[in-house]
Amino acid sequence: MAITDTYLQYGVPSDKAEKYDMLGIPVTTFRNTSNKNLIDKYGLDKHEVAFVKNCIQRKPIDELTILRLLEKNNYTCCICKGVKSDAYIIHHIEEYSVSQDNEYYNLAVLCPNDHDLVHREGVRLTNTISKEQLIKAKEKWEKQVQELNVERASKNGELYDIDFVNIPRILELCLECYGKIPDNRYTNLLKGNQVITDSGFINDEFLNIKFPERKSPFDFYLGLEGAVALRAYIFEIFKDILKQVDFVDLDSLLQKSVIKTNNIAGKFCYYVGGVYGKSPKFPVTASSPLTHIYFRRKPFFVEWTLHPQYLTSSTAKLRLSKRTQYIIYGRIKGIGEKEIKGQKFIYLDIRPYVFGSPIELKNRTPIIHYIKDPTNYDSYFEDDEN
Ligand SMILES: [Zn+2]
Ligand SMILES: [Zn+2]
């Protein structure tokens, strides 16, 4: 394991740990070298040596616990969010000398500055930070980091298992953005197989002749890569669109004040979270009815309308019928009112471009209260759909 990581396990600040790594002083060497030698040979400060010597007598914190803590805190101080310093230190909320408690809940990421402040607690100085404040700050920051991670992942189109790509609408939006279809790493392969034309559009003419039974854009077989490459190709185009179009977090729009003051129809948005849906009937064809996925969060009812022919696989069709986590990119088509079983909802009608499984998740509970039994929910919704 890297020298730096080992020091972190003993609660040594990251900047010091990196320095010892550069100087080539592993923890064992530090421990077995006299203070005098550490000062003379490596030019370390007297207080620093005393501090680190004290740290490395402790029981090391578990590697995975540290990794989890650092990732959930974005390697950043939970008090100042990195404003005061990039360096960080793993701090024991209930002092180590008292608690010897290396569990996750007892650890917090702090910068050296705020670490000093925290350790002054009880000395009755102004500007100190209490344990309670620290626990709250950690909790709040971890939540914020999670939201930031979801936002970053969403803006980069980080998803796997792409379940749906609406080819015509994506190409349309791409033309609006770029005036053409930019090449990507699948372009040559697909052009070589005549799946797409020279200008990058789907070569339906060729595919329809070669595969007269074709029921959906992905329903053809040209070697292992054919249909898979086509959906990856369209998804790459969509990722290019994400660089140009600002998709906003749907959560930021689902507020009465926002709805009142902004005309949100036409806005591009993404949503990360659980949804309900019904699996479309097989076989899916161009004339299959539209299908819906939805969730409600009072007073909002959000529904995505999609054509099942753009579902990318039969597993995608099956996934739709289960409550599942999705990331959905779409454009708000309309907003209005909807009454379901005597209850009024603000209704958002969204047309999706792409959806699949998100890489980064939001912790939704208790923001959305899901009904435990999705079957019940379906019957609840049934009247409205028929
Ligand atoms: Zn700080
Ligand atoms: Zn500390």
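The exercises below work through the domain contact, a buried threonine, the salt bridges and the unusual backbone geometry of this structure.

The model is a predicted one, in which local features need pLDDT of at least 70 and side-chain atom pairs count only at pLDDT 80 or more, while totals for chains, interfaces and linings use all residues. Residues are numbered from 1 along each chain as its sequence is written, chains are lettered from A and ligands numbered from 1 in the order in which they are written, and side-chain values use heavy atoms, with hydrogens and water left out.

**Exercise 1. Describe the contact between domain 1 and domain 3.**

Step 1. The chain is divided into domain 1 (3-152), domain 2 (167-244) and domain 3 (248-385), with bounds that come from an automatic or database domain assignment. Seven residues from domain 1 and seven residues from domain 3 take part in the contact, where contact means heavy atoms within 4.5 Å.

Step 2. About 570 Å² is buried between domain 1 and domain 3, and carbon and sulfur atoms give 55% of this area; buried area is the accessible area (1.4 Å probe) that two parts lose on being put together, summed over both. On the side of domain 1, Gln-146, Glu-147 and Val-150 lose the most area to domain 3, together 68% of what that side buries.

Step 3. One salt bridge is counted between domain 1 and domain 3, a salt bridge being a side-chain nitrogen of Lys or Arg within 4 Å of a carboxyl oxygen of Asp or Glu. Arg-152 forms a salt bridge with Glu-360, with 3.9 Å between the closest N and O atoms.

**Exercise 2. Place Thr-305 in its strand and find the side chain with which it makes a polar contact.**

Step 1. Thr-305 belongs to strand E7 (residues 300-306); helices (H or I, at least four residues) and strands (E, at least two) are DSSP runs, numbered from the N terminus.

Step 2. Thr-305 counts as buried because its relative accessibility is 8%, given that buried means under 20% relative accessible area, exposed over 50% and partly exposed in between (1.4 Å probe, protein chains only).

Step 3. The side chain of Thr-305 makes a polar contact with that of Asp-349 at 3.3 Å. A polar contact is a pair of N or O atoms within 3.5 Å; within protein, one must be able to donate a hydrogen and the other to accept it, and residues adjacent in sequence count only if both atoms are side-chain atoms.

Step 4. Asp-349, itself buried at 13% relative accessibility, also forms a salt bridge with Arg-351, the closest N and O atoms being 3.1 Å apart.

**Exercise 3. Explain why the pair Arg-297 and Asp-251 ties together parts that are apart in sequence.**

Step 1. Arg-297 and Asp-251 form a salt bridge in which the closest N and O atoms are 2.8 Å apart.

Step 2. Arg-297 lies in strand E6 and Asp-251 in helix H14 (residues 250-253), so the pair ties together parts that are 46 residues apart in sequence.

Step 3. Both Arg-297 and Asp-251 are buried.

**Exercise 4. Locate the cis peptide bonds at Pro-283 and Pro-299.**

Step 1. Most peptide bonds are trans.

Step 2. Phe-282 and Pro-283 are joined by a cis peptide bond with omega about -10°, and Pro-283 sits in the loop between strand E5 (268-277) and strand E6 (291-297).

Step 3. The bond from Lys-298 to Pro-299 is cis, with omega near 5°, and Pro-299 is found in the loop between E6 and E7.
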